[in-house]
Protein chains: 4
Amino acid sequence: MKVGFIGLGHMGSGIAANILNAGHELVVWNRSPDPAKALAEKGAHIAGAPEEALQGAILFSMLANDDAVREVGLDGALLTHAKPGLTHVNLATISIDFASRLAKLHAERRLGYVAAPVFGRPDVAAAGKLLVIVAGSHTNIAKVRPLLECIGRRVEVAGEAPEQANLFKIAGNFMLAAALESMGEAFALVRKGGIDAHVFQDVLSNSLFACPVYQGYGGAIVNAKFEPAGFSVKLGMKDVRLALDAARDLSVPLPLASLVHDHFIEATVAGLADKDWSSLGGFLASKAGL
Amino acid sequence: MKVGFIGLGHMGSGIAANILNAGHELVVWNRSPDPAKALAEKGAHIAGAPEEALQGAILFSMLANDDAVREVGLDGALLTHAKPGLTHVNLATISIDFASRLAKLHAERRLGYVAAPVFGRPDVAAAGKLLVIVAGSHTNIAKVRPLLECIGRRVEVAGEAPEQANLFKIAGNFMLAAALESMGEAFALVRKGGIDAHVFQDVLSNSLFACPVYQGYGGAIVNAKFEPAGFSVKLGMKDVRLALDAARDLSVPLPLASLVHDHFIEATVAGLADKDWSSLGGFLASKAGL
Amino acid sequence: MKVGFIGLGHMGSGIAANILNAGHELVVWNRSPDPAKALAEKGAHIAGAPEEALQGAILFSMLANDDAVREVGLDGALLTHAKPGLTHVNLATISIDFASRLAKLHAERRLGYVAAPVFGRPDVAAAGKLLVIVAGSHTNIAKVRPLLECIGRRVEVAGEAPEQANLFKIAGNFMLAAALESMGEAFALVRKGGIDAHVFQDVLSNSLFACPVYQGYGGAIVNAKFEPAGFSVKLGMKDVRLALDAARDLSVPLPLASLVHDHFIEATVAGLADKDWSSLGGFLASKAGL
Amino acid sequence: MKVGFIGLGHMGSGIAANILNAGHELVVWNRSPDPAKALAEKGAHIAGAPEEALQGAILFSMLANDDAVREVGLDGALLTHAKPGLTHVNLATISIDFASRLAKLHAERRLGYVAAPVFGRPDVAAAGKLLVIVAGSHTNIAKVRPLLECIGRRVEVAGEAPEQANLFKIAGNFMLAAALESMGEAFALVRKGGIDAHVFQDVLSNSLFACPVYQGYGGAIVNAKFEPAGFSVKLGMKDVRLALDAARDLSVPLPLASLVHDHFIEATVAGLADKDWSSLGGFLASKAGL
């Protein structure tokens, strides 16, 4: 199948490679040329302009945020160049408000639109083992599912409205941030009481909290290992904002998200914007004088 | 070995039964007589007065809170009747301030004192599979460890000061409460966006959050199954207060604990005091109009 | 002087009347015609289209929010019809981000732009006794100051960048909301302790807190008099959001604003959106079971 | 009238002097001797032991907190030496739980007990212009009122249960702390937007917030003048804790008090414990990078 791909950052490159590896014809476009070259060596075609990526049956895009999607024109101008019948799979974590508008803008042009944000860091993307949350019409999902299965170990349907996949992702990322806050506060408390936080983290993450979030991030916090950033404070703060924005739209009080967001602002002021977002835990320790 | 046991509530009864099953001579005392009778049928001796439970090598106590320990006299009068050399294993989740004073009061009378709070619900206690956190001197821990291994699948040392085991437990319970808050907010958010919370909970608790806390409590919240209470809002609130009290003593800001505590007060006002503490999740949904 | 006025709501009508009373030639435009008629009876000219209001030396606008300003075209189309040299005085409480963009859009067209948000309710506006916060270039402020002095008892300069007046207003309104939260919590506390909240409010608002905010809103809360709404929960929530949005832009943690915002969402869910925003106090009492 | 006075700190000394100046026979006792000497020069008798201060018709005490009251024995031993019919006026800000117990302990010994906490700093105490909040039986209040009128410009009755005066005071102090938080956040916000915080504070504290709290503390914050401490962070934190403790007893959610309390902990960690509590404002500015 002929597939376009726009946005070859750390996540996008790994995902695109898996589509290519599955035997599809891939046309890639990226603002800066280097990531495209790496894929070209594996057989991808480099598009001279973004519209070339819209000439297949399916377009994937993986852009940083609402503004990046707007800048490339996927909410307007660029769509006018799309091949009739194209289905756009938007992998990015964007706001539910914008996701809903994108769905409408595509429908008006009789193009398919599917939101498919993913859970997983770049290494997981490269391994094709992402958790993919997808939302859109049954028809559109059926059309793109085989490709999603190339990039993820698991594909879950959030609903028929594309923005529901974004909300699912945003809510999940909020839960991750909440776990960071929880560990940060708890670790600071036990440390000030003279307990070895490594022991505390080890015991809990091998019992009640025996899961990747508490094991991985918990280990990062007790070892104060916040670089390289798999996912930065800056990006984490963006996603918590998306949760707060969704909460405004949907009238849901989210005081824990508000709390974490204010801490991310403080952490940013303290110079941690580009550190891994688990550095929130280190920042909370510093508030306790540790 | 001759072992005393004071406090035969849901947790205490199960624990005492496992000590008995391991072949020890057990002298039990409880304020209300029925739980003691059940153990007597299995071979325990019923003490006519609490001091009889202090005539062995080891005394276990499992009382509700600081006040219950004081009422039975384990911070004073009752200790004067203890057999010389007795080591007291306090299983209760009490304040770190009181734990520290108890350790001192026992030392003054040349009695051993070990704090050994446990993680696990009554069914886990009955099965002898608790997670036991212990703190005290090496000698005392060595003495009681074989008994602790009868009641738990795992025994972890928090430190040499007994109150460290209490702090460990308190911090762990705070993390549990934080997870309830996190799920409650996230589930409310996705539900108001039209997503099936069962799907959301199922996906996350089988991936990033694939651990007992998110699976068990998450399931309770999405199914609104808050009875019978394995651990009530009332008890949960007590433990979050212990965390906040420890945070005062140790100068640690714990804004997430403060947040959860205020929600537990609200939930109590709303009539949920005796429901399972996972009903915090249901309460947060009601705040969002669900 | 020939002056235009767009936006004749409760606030705008009173302000426009004071400009008219000061002897200026006033051209008014409003989406719905009735408020314009009332002013026409006092001598105002009714514009047939909004652009007619831009043919004088100065244009005032008093629109509800960013979107209302956009809808009437004051961020674009409408400006192309402006008389050369026109200075636009924007009285609305809008976001600092949008205020900054409006300033730029006017400068590109060589039009003056001054932000002049006001403190005061409709009756204060009608009486010409508003507190006016103004920001813009010295020249522009000098030009419009005589008119601002017709509508306010006091005109204060916040800075040279127009958005600074908006930030000033937003921060002030946040402080008002914070006072509502503070009173709401304190009144609930004393009431549950059996104290007459009227006495508490009376004593404090005639001593340490002897000022309009605590006297007026404090009285409203203890008397549960939340209608008619001088300023609704809906508008209050909008302004707290503007504070939170400014805090994002400027990297300032505002946890108290976050707290109040979440309470406004809850109050909205509880059906209070159109009540006076002092009903936050009544809502907080209900959380305590009062 | 013969009057005893225990506790001659900054507040107590000023209050005692006013009782003396009103022509009463005053017997004073203080742990450290110097403050008593100063009063002796004005005609007070120095008690050789605290019990001597309980031989008049009325005893005033002004001690730092619950523990200080206990240490001097006013919850037990010392009361057994009281002259029959003595009425004890406790001026201290203590917990409502302890106030209630003190009332009971006095009643059991047929002694009168009146709680009369005061609003005002040491200079106000010296000037005899405190705001006195009193609670107790009508008879007891009638008996002590003439003396209270010597020390305050205003005496207000909170209720018949002594602890109600303490709750009144605690709730009032919470409102003060909340105002500090509100100003601290608002000032940080405007400053980061380039507004002169002096102007902002000046305008608001001469309009909507034209009252002592916003004028005095607002001025301290914008001028970063936090020494000498009229009322320290340490004492402020103690009083917010009393509010939180009362909220626990009375089941009232107080999230704003929780928020301020966590900030006081952070400020303490940052070394501000002995600075004036308005330094909370300076601390909040530092969180924003100012």
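Helices and strands here are DSSP runs, numbered from the N terminus; a helix has at least four residues (H or I), a strand at least two (E). The model is predicted.

**Exercise 1. Place His24(C) and list its surroundings.**

Find the loop that holds His24(C), then its contacts and its polar partner.

*Solution.*
- Step 1: locate the residue. His24(C) sits in the loop between α1 (10-21) and β2 (25-29) of chain C.
- Step 2: collect contacts, skipping residues up to four places away in sequence. His24(C) then touches Met1(C), Val3(C), Ile19(C), Leu147(C) and Cys150(C).
- Step 3: look for a polar atom pair. A polar atom of the His24(C) side chain lies 3.4 Å from the backbone nitrogen of Met1(C). The cut-off for a polar contact is 3.5 Å.

**Exercise 2. Describe the interface of chain D and chain C.**

How many residues does each chain bring, and how much area is buried?

*Solution.*
- Step 1: count residues. Chain D brings 59 and chain C brings 59.
- Step 2: take the area. About 4,800 Å² is buried, with 76% from carbon and sulfur atoms. On the chain D side, Met175(D), Leu189(D) and Leu208(D) lose the most area to chain C, together 15% of what that side buries.
- Step 3: check the polar terms. The rule finds zero salt bridges across this interface. There are 15 residue pairs in polar contact, both residues at pLDDT 80 or more.
- Step 4: assign elements. Those of chain D that each supply at least two residues to the side touching chain C include β8 (130-135), β9 (152-159) and α7 (162-192). The top contributor is α7(D), with 19 residues.
- Step 5: sort by class. The chain D side has 42 nonpolar, nine polar and eight charged residues.

**Exercise 3. Relate chain C to chain B, then analyse their contact.**

What turn and shift lay chain C on chain B? Which residues supply most of the area chain C buries there?

*Solution.*
- Step 1: superpose. A turn of 180 degrees with a shift of 0.0 Å along the axis gives an RMSD of 0.0 Å. The two copies are therefore related as by a two-fold rotation axis.
- Step 2: compare surfaces. In chain B, 100% of the contact residues of chain C recur, so the same surface serves both copies.
- Step 3: size the contact. Six residues of chain C meet six of chain B. The pair buries about 440 Å², 57% of it on carbon and sulfur atoms.
- Step 4: rank the residues. Glu266(C), Val269(C) and Lys287(C) supply 84% of the area chain C buries against chain B, more than any other three residues.
- Step 5: count charges. There are two salt bridges between these chains. Lys287(C) and Glu266(B) form a salt bridge through their side chains, at 3.1 Å from N to O. By class, the chain C side has two nonpolar, one polar and three charged residues.

Methods:
Residues are numbered from 1 along each chain as its sequence is written. Chains are lettered from A and ligands numbered from 1 in the order in which they are written. This is a predicted model: local features need pLDDT of at least 70, side-chain atom pairs count only at pLDDT 80 or more; totals for chains, interfaces and linings use all residues. Side-chain values use heavy atoms; hydrogens and water are left out. Contact means heavy atoms within 4.5 Å. Buried area is the accessible area (1.4 Å probe) that two parts lose on being put together, summed over both. A salt bridge is a side-chain nitrogen of Lys or Arg within 4 Å of a carboxyl oxygen of Asp or Glu. A polar contact is a pair of N or O atoms within 3.5 Å; within protein, one must be able to donate a hydrogen and the other to accept it, and residues adjacent in sequence count only if both atoms are side-chain atoms. Ala, Val, Leu, Ile, Met, Phe, Trp, Tyr, Cys and Pro count as nonpolar, Asp, Glu, Lys and Arg as charged, and the others, Gly among them, as polar. Copies are superposed by least squares on the C-alpha atoms of residues with pLDDT of at least 70 in both.
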